[in-house]
Every structure is written in structure tokens, then in C-alpha cells.
Amino acid sequence: MTLLKRAEEMDVKRARFLGLCMALMLLVCLAGVWAQSKGMDPALLSKAKAGDADAEKQIALKYSQLGNWKEACRWMLMAGQNGNAEAQIILAEDYEQGYEVCGIQKDALQAVVWLRKAATGGNGVAAEELASHYYDGQGAPQDYLQAALWWRKAAEQDYPDAELNLGLMYYNGDGVAQDFGEAARWFEKAAVLRLGNTAAAEWERKVANDTTARAAYFLGRIYAYGQGVPRNITESVNWFTKASDLGSVDAENELGLLYTGIGGFPRDDSSSATWYRRAADHGDAHAQDNLGSLYAYGHGVPQDYAEAYFWFSLASAKLPHFSEDRDNAASHLTKTVLLQTQERARKWFEDHSAKANPQ
């Protein structure tokens, strides 16, 4: 049964109920009085019945609070059809996830239809989400040009995620001509942490931090390798450090690499080991292999083949091509030390699995 058909049946049932009230109680059950008894504002209800889209959305939300899902769905649909962007986004989400109480089955195509309506009306949230659908090919053919177009519309309204994604489109040349300078401009906008409300929900802070961290990381790469901007290692370190402070493991690994002296940056093996260790402790396989190499050669840390084997072992468990480094380190160990180090590696995986999947 369609949503509209369900709504029509509810209209009939409610008409019968009101007719019975009028017969038994004369004018007591007139629409305005009924609305007040249900917590409805008669003036708001009147506006909604006159076709005011914002009022329709508010009525839908009120019915939702009252647990009357059928009426909530009916009014939300009317609000969306009459151009309320927030209602259109809610309807898109309903089709995205499926909403049985409204008779809505999962339908990515319909989700895109509603998102496009809201985005075309200038809603930045809808534009950002619509871009993701085009980028992933979900509910619409994969189209990087359309993804870039809609991310730009959202980015121009100062949505950080859209700024980051538009920067990545320019960085990779997806849907637009590759342009590192333009990528850097959008990354820098996204790298400004704009969440000043310390009372904000934890998930909201995490999302904001993740966006800022990724943007800062890519800015670090741009300055480290002189992509579209003059090469500036100091600026690169600043951005990588900011990204690391916000939890970017990739940035920690890049800092470890910079301190090996790459590209003329002053070599500091001790600092390199510090940054590699931070990334390695967070589970980055490349950092684990790099740290193992420092222990194997004694660069920035005491030479220690057991320690080298430990980190090579962790790295090769994720990326098998690092197994050669692991086996080379093993050849320097006694059987007893090798078994002890293998047990240490097993315990490391056990501990980190428990942290990643708390009960």
C-alpha cells in the first residue's frame, strides 16, 4: 500500500470519527478543540491545512511526538511536496533507510529524488549528501562531475565536509581538472575547526575533528611535496602536527618520514622514531615496518633485532609483503627470544582487538 493510499484511508477514518463526535456532542469535537486536546496549535493547524509547507512539517513533527506515525508521515509528505527542504531531507532519509511505519521501502533512487529537490532549492545539507550519492553511484549513476558540482554548492555555504571533499576532487582530478592550488584552498577552509560549542554532542565533535584532521593532513602533503604551492617543510610539519593532534595516524607516519631527512629536511632519527612509534601504536602497518627498520639498523634507537622483529611481525600481519623484513630479523634471534617475541606480538593483537571492540 502506498503512502498516499494509507493517508487517504486515515482521512476517511478521521472523518467518520469527527462525524460521530458531532452527532453525540454537538460542537464539542470541532477540529480546533480536537487539535487543542491533542496538543496541536489550532492556528498552526489552520496554516498547515492552507498549504503552508513549514506549518505542515511542524504538524508532522508534532504527530511524531504523539506517536501517530501515519499522520506524521502524511503531513511530512505534504510538506516535502510543497517545497520544505527539511521535510524533503527527512523523506530522503526515510527512503535511504526504509521506514516501515510509513510504508516506505528502501529505495535509493527515491532518496536521490528528494535530495535533489532540497538541493536544487539551495539547501547545503542536501547538496552535500546528493554529491556523496553521485560519487558512490548510489541511487544514481556514478558521476564525479555531478559530485563535484554539488559539493561545490555545499562548500560555498561553508560546510566543512564538502570543502574537504571538493579539495580531494581537485587533488585527485576527479570530476574536475587536477589543480593542487585549488585543492589547497579548499583544504585550508576545511582545516579551520569551527565547532566552538564545548557542549556539543561527542559524535559531533568527533566528526568535526576528523574532517579537520584529514584536511590538515592533505595540506601537510601539499606543502611537503610542493604540489601547487612552493615547497615549505616548516608549513608541512605544522599541518601534519595539527592533524596528528586531532588523531590522524597518516600524519604521524608522514612526520616520521620527514624526519628521516627526505627532501632536504634536517634528519633527526630520534624524532623519526617517536613519530613512527605513535603511528605504529595506533596500528599503521607502514609505520610499524618503518619503526622495525630503525631498530634493525639502530637509527634513532638502540639496535635491537627482537624489537625489529616485533614491529615487522605486526606490519606483515596486515601487509604480507613486509614478511621478508620480519624473516630477516628472525634470522638474528635465538629460538627462545623468537618465541617470546611472537608471544608478545600475539598479546599486542589481543589487547588492541579488545580496545577496538569493547564489550
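Tyrosine 217 and phenylalanine 218 are both buried in this predicted model. Their rings form an aromatic pair. The arrangement is edge-to-face, with 5.1 Å from centre to centre and 75° between the planes. Phenylalanine 218 also pairs with tyrosine 171. That contact is edge-to-face too, at 5.3 Å between centres and 65° between planes. Tyrosine 171 belongs to helix α10 and phenylalanine 218 to helix α12 (residues 202–225), so the pair ties together parts that are 47 residues apart in sequence. Tyrosine 171, like phenylalanine 218, is buried. Both pairs fall within one aromatic cluster, formed by Tyr171, Phe180, Phe187, Tyr217, Phe218 and Phe240. The structure holds eleven aromatic pairs.

Rings also meet charged side chains. Arginine 344 lies over the face of phenylalanine 310, at 3.7 Å from the ring centre. The charged end of lysine 117 sits over the ring of tryptophan 114. Here the distance to the ring centre is 5.6 Å.

Lysine 117 and tryptophan 114 are also among the residues touched by glutamine 88. Glutamine 88 is found in helix α6. With a relative accessible area of 5%, glutamine 88 falls under the 20% limit and is therefore buried. Its side chain reaches the backbone nitrogen of alanine 118 at 3.2 Å. Beyond residues up to four places away in sequence, glutamine 88 touches Gly80, Gly83, Trp114, Lys117 and Ala118.

Charged pairs were examined next. The count comes to 13 salt bridges. One of these joins the side chains of lysine 57 and glutamate 86, with N and O 2.5 Å apart. The pair links distant parts of the chain. Lysine 57 lies in helix α4 (residues 53–66) and glutamate 86 in helix α6 (residues 85–97), 29 residues apart. The two partners differ in burial: lysine 57 is buried, at 9% relative accessible area, whereas glutamate 86 is partly exposed, at 46%.

A salt bridge within a single helix is formed by arginine 185 and glutamate 182, at 2.8 Å from N to O. Both residues lie in helix α11 (residues 180–190). They are three residues apart, about one turn of the helix. Arginine 185 is partly exposed, with a relative accessible area of 40%. Glutamate 182 has 19% relative accessibility; buried means under 20%, so this residue counts as buried.

Aspartate 327 forms a salt bridge with arginine 326. Their closest N and O atoms are 3.0 Å apart. Aspartate 327 counts as partly exposed, at 42% relative accessibility. Arginine 326 is partly exposed as well, at 24%. Elsewhere, salt bridges that share partners join Asp54, Lys57 and Glu86 into one network.

Helix α8 (residues 124–136) was considered as a unit. Its 13 residues, at 1.5 Å a residue, should span 18 Å. The expected span is 1.5 Å times one less than the number of residues, which is why 13 residues give 18 Å. The end C-alpha atoms are 19 Å apart, which agrees. At the N-terminal end, asparagine 123 acts as a cap. A side-chain oxygen of asparagine 123 lies 3.1 Å from the backbone nitrogen of valine 125. After the helix comes glycine 137, whose phi is positive, near 70°.

The buried residues of α8 are Gly124, Ala126, Ala127, Glu128, Leu130, Ala131, His133 and Tyr134. They pack against α6, α7 (108–120), α9 (144–155) and α10 (160–172). Helix α6 also holds glutamine 88, and helix α10 contains tyrosine 171.

Histidine 299 lies in a loop, between α16 (285–297) and α17 (305–318). At 32% relative accessibility, histidine 299 counts as partly exposed. Apart from neighbours within four places in sequence, histidine 299 is in contact with Arg267, Asp269 and Leu294. Serine 272 is 27 residues from histidine 299 along the chain. The C-alpha atoms of histidine 299 and serine 272 are separated by 9.1 Å.

Key:
Residues are numbered from 1 along each chain as its sequence is written. This is a predicted model: local features need pLDDT of at least 70, side-chain atom pairs count only at pLDDT 80 or more; totals for chains, interfaces and linings use all residues. Side-chain values use heavy atoms; hydrogens and water are left out. A salt bridge is a side-chain nitrogen of Lys or Arg within 4 Å of a carboxyl oxygen of Asp or Glu. Helices (H or I, at least four residues) and strands (E, at least two) are DSSP runs, numbered from the N terminus. Buried means under 20% relative accessible area, exposed over 50%, partly exposed in between (1.4 Å probe, protein chains only). Contact means heavy atoms within 4.5 Å. A polar contact is a pair of N or O atoms within 3.5 Å; within protein, one must be able to donate a hydrogen and the other to accept it, and residues adjacent in sequence count only if both atoms are side-chain atoms. Rings of Phe, Tyr and Trp (its six-membered ring) pair if their centres lie within 6.5 Å; planes under 30 degrees apart count as stacked, over 60 as edge-to-face and the rest as tilted. A charge sits over a ring if NZ of Lys or CZ of Arg is within 6 Å of the ring centre and within 35 degrees of the ring normal.
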